[in-house]
Amino acid sequence: MSEVAMLKMGNNLIVPIQVELHDRAAVRLQEDILKEIENAAAKGLVIDVSAMSIVDSFLGRLLVETAKMSRLMGTETVLVGLRKEVVITLIQLGFVIKDIHTALNIEEGLELLERLKSGGPKERL
Amino acid sequence: MFRNIVNHNAMKKGGRCRMKGVEKTKEQLIEELNDCHRRVIELEGAETKYRQAEEQLRRLSAIVESSDDAIISESLDGTILSWNEAAKRIYGYTFEEVKGHPISILMPPDRFNEIQPILARIKSGERVANYETVFMRKDGQQIHISLTISPIKDAEGRVMGASAIGRDITERRKMEEMLREQQRVFMEVSVPVVNIWKRILLVPLIGIFDSKRAQLVMETLLTAIEETQAKVAILDISGIPVMDTFVAKHLLQTVSAARLMGTECIITGISSIISRTIVKLGVDLAGVVTKTTLAEGLRLAFDLTNLQVVVK
């Protein structure tokens with residue numbers, strides 16, 4: 001198991017990443033998240049990266065990948081709390097956000113998840 | 001005139017003439033006098049040429065003296081040979097003070113190493129134009145100088161020295177610095193982010209949108225989003241005079257950045273001209289919500305934040 005805690009709230013899984021992840025730990029985290037979704041039959045996933053000051057292109061790609069994988073398992077993913085510096089770096093790296101939902105904080109993330117699950121109006125217009 | 005005198009003498013002495021004890025025939029004398037005549041004419045011509053040359057020299061040196069630029073001539077090893085009025089005014093030394101001194105007398109010690117490469121280029125016949133450097137005045141004050149150094153060649157085309165024309169650009173530098181400073185101040189005030197409603201930000205973009213401004217807009221907007229946790233940001237571009245692919249690219253980047261943070265962006269103020277330009281340029285603004293007026297953008301922002309405008 002990775003040292004990142006995973007909290008279950010209703011049928012949602014919340015993953016607040018509080019440590020800086022190196023590549024290997026990130027890959028392990030992805031495995032753990034997917035296993036947990038399977039075990040808990042979660043319908044929504046919120047990954048909180050507000051404590052991270054570095055998100056490189058590898059980690060960015062890994063997060064998008066995780067979102068795609070969980071969607072295949074019937075789980076919508078919202079990435080929340082991306083910091084300003086992180087965003088600027090990702091944009092400069094040419095990161096595209098087509099395949100992932102984002103929100104400002106966990107609360108907003110959960111709200112967005114409810115809308116996504118009910119198939120209601122999405123955030124993106 | 002000479003001929004008349006000769007004829008006169010010849011008549012008097014009966015066809016013979018005695019000069020300094022050497023007896024000469026009339027023909028010889030006439031020949032000699034004609035020779036003299038020719039030489040006088042030659043000399044007169046030479047004098048005219050000399051006078052013209054002198055005139056030319058005076059004119060050229062008057063130009064050099066009255067020039068506003070410091071004009072110095074130096075030998076190939078960098079020794080100062082001449083010095084005009086402007087040089088005296090700009091550098092503070094009189095010619096007597098610098099005559100025979102090396103040109104390095106004008107340079108601050110940390111710039112000595114700039115001299116040799118320039119002299120080397122001059123020696124190979126090359127001209128060094130608008131070389132910007134720092135000189136030190138007699139009073140120790142440092143001044144910015146734009147130098148143009150050209151080789152001076154002799155009649156055979158050999159480089160024998162150099163002329164250095166220096167222009168004092170200290171004022172210009174000061175102006176440039178002032179301009180830069182003003183630009184910086186302008187940049188700082190030119191990206192207002194207004195929190196017009198709870199969790200709705202308005203960013204009116206005004207003026208030329210270059211890469212520096214674009215970067216600043218992005219940073220300012222993201223900072224405001226972090227602080228206010230705004231859900232919607234409205235970018236109003238009605239104040240941008242020119243729309244091109246570059247501006248569009250930066251707008252899209254800003255929108256993507258805001259979205260990564262979880263904030264939706266609406267671009268408003270797209271006039272008919274701008275919308276035509278965007279399509280003609282083939283810019284893809286797909287996925288970005290755009291509206292013509294700010295009011296419509298605001299209405300949409302209310303929608304997104306679950307607010308409603310009600311008539312009283």
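The exercises below, each with a worked solution, concern a predicted model.

**Exercise 1. Describe how chain A is built.**

Start with the elements: chain A has four helices and five strands. Next, place them in order; along the sequence they follow the pattern β-β-α-β-α-β-α-β-α. Then turn to burial: of the 125 residues in chain A, 49% are buried. Last, take the contacts in chain A with a separation of 6 or more; residues 24 or more positions apart account for 74% of them.

**Exercise 2. Check the span of helix H8 of chain B, and find what covers its buried residues.**

Helix H8 of chain B runs over residues 245-260, which is 16 residues. At 1.5 Å a residue the helix should span 22 Å, and its end C-alpha atoms are 22 Å apart, so the two values agree.

Now list the buried residues. Among them are B:Val247, B:His250, B:Leu251, B:Val255, B:Arg259 and B:Leu260.

The cover comes from both chains. Chain A contributes helix H3 (84-92) and strand S5 (101-103). From chain B, the cover includes strand S9 (200-206), helix H7 (211-228), strand S10 (232-239) and strand S11 (264-268).

Just after H8(B), B:Gly262 has a positive phi of about 100°.

**Exercise 3. Characterise the interface between chain B and chain A.**

Step one is the contact count: 23 residues of chain B are in contact with 21 residues of chain A.

Step two is the area. The size of an interface is often given as the accessible area lost when the parts come together. Here about 2,000 Å² is buried between chain B and chain A, and carbon and sulfur atoms give 59% of it. B:Lys231, B:Leu260 and B:Met261 supply 31% of the area that chain B buries against chain A, more than any other three residues.

Step three is the polar part. There are two salt bridges between the chains. B:Lys231 forms a salt bridge with A:Glu108, with the closest N and O atoms 2.8 Å apart. Six residue pairs between chain B and chain A are in polar contact.

Step four is the origin of the residues on the side of chain B that touches chain A. H7, H8 and helix H10 (294-304) of chain B each give two or more residues to that side. The largest share, seven residues, comes from H7(B). By class, this side has ten nonpolar, seven polar and six charged residues.

**Exercise 4. Compare the setting of three salt bridges within chains, and locate a network.**

In chain A, the side chains of A:Arg83 and A:Glu85 meet at 3.4 Å, N to O. A:Arg83 has a relative accessible area of 26%, so A:Arg83 is partly exposed. A:Glu85, at 35%, is also partly exposed.

In chain B, B:Glu55 and B:Arg58 form a salt bridge at 3.4 Å, N to O. Both lie in helix H2 (residues 26-66), three residues apart, about one turn of the helix. An α-helix has 3.6 residues a turn, so residues three or four places apart point the same way. B:Glu55 is partly exposed at 41% relative accessibility, and B:Arg58 is partly exposed at 49%.

The third pair is B:Glu156 and B:Arg158, at 3.1 Å, N to O. Exposed means over 50% relative accessible area. B:Glu156, at 61%, therefore counts as exposed. B:Arg158, at 51%, counts as exposed too.

For the network, look at B:Glu132, B:Arg172, B:Arg173 and B:Glu176, which are linked by salt bridges.

Note on methods:
Residues are numbered from 1 along each chain as its sequence is written. Chains are lettered from A and ligands numbered from 1 in the order in which they are written. This is a predicted model: local features need pLDDT of at least 70, side-chain atom pairs count only at pLDDT 80 or more; totals for chains, interfaces and linings use all residues. Side-chain values use heavy atoms; hydrogens and water are left out. The expected span of a helix is 1.5 Å times one less than its number of residues. Buried means under 20% relative accessible area, exposed over 50%, partly exposed in between (1.4 Å probe, protein chains only). Contact means heavy atoms within 4.5 Å. Buried area is the accessible area (1.4 Å probe) that two parts lose on being put together, summed over both. A salt bridge is a side-chain nitrogen of Lys or Arg within 4 Å of a carboxyl oxygen of Asp or Glu. A polar contact is a pair of N or O atoms within 3.5 Å; within protein, one must be able to donate a hydrogen and the other to accept it, and residues adjacent in sequence count only if both atoms are side-chain atoms. Ala, Val, Leu, Ile, Met, Phe, Trp, Tyr, Cys and Pro count as nonpolar, Asp, Glu, Lys and Arg as charged, and the others, Gly among them, as polar.
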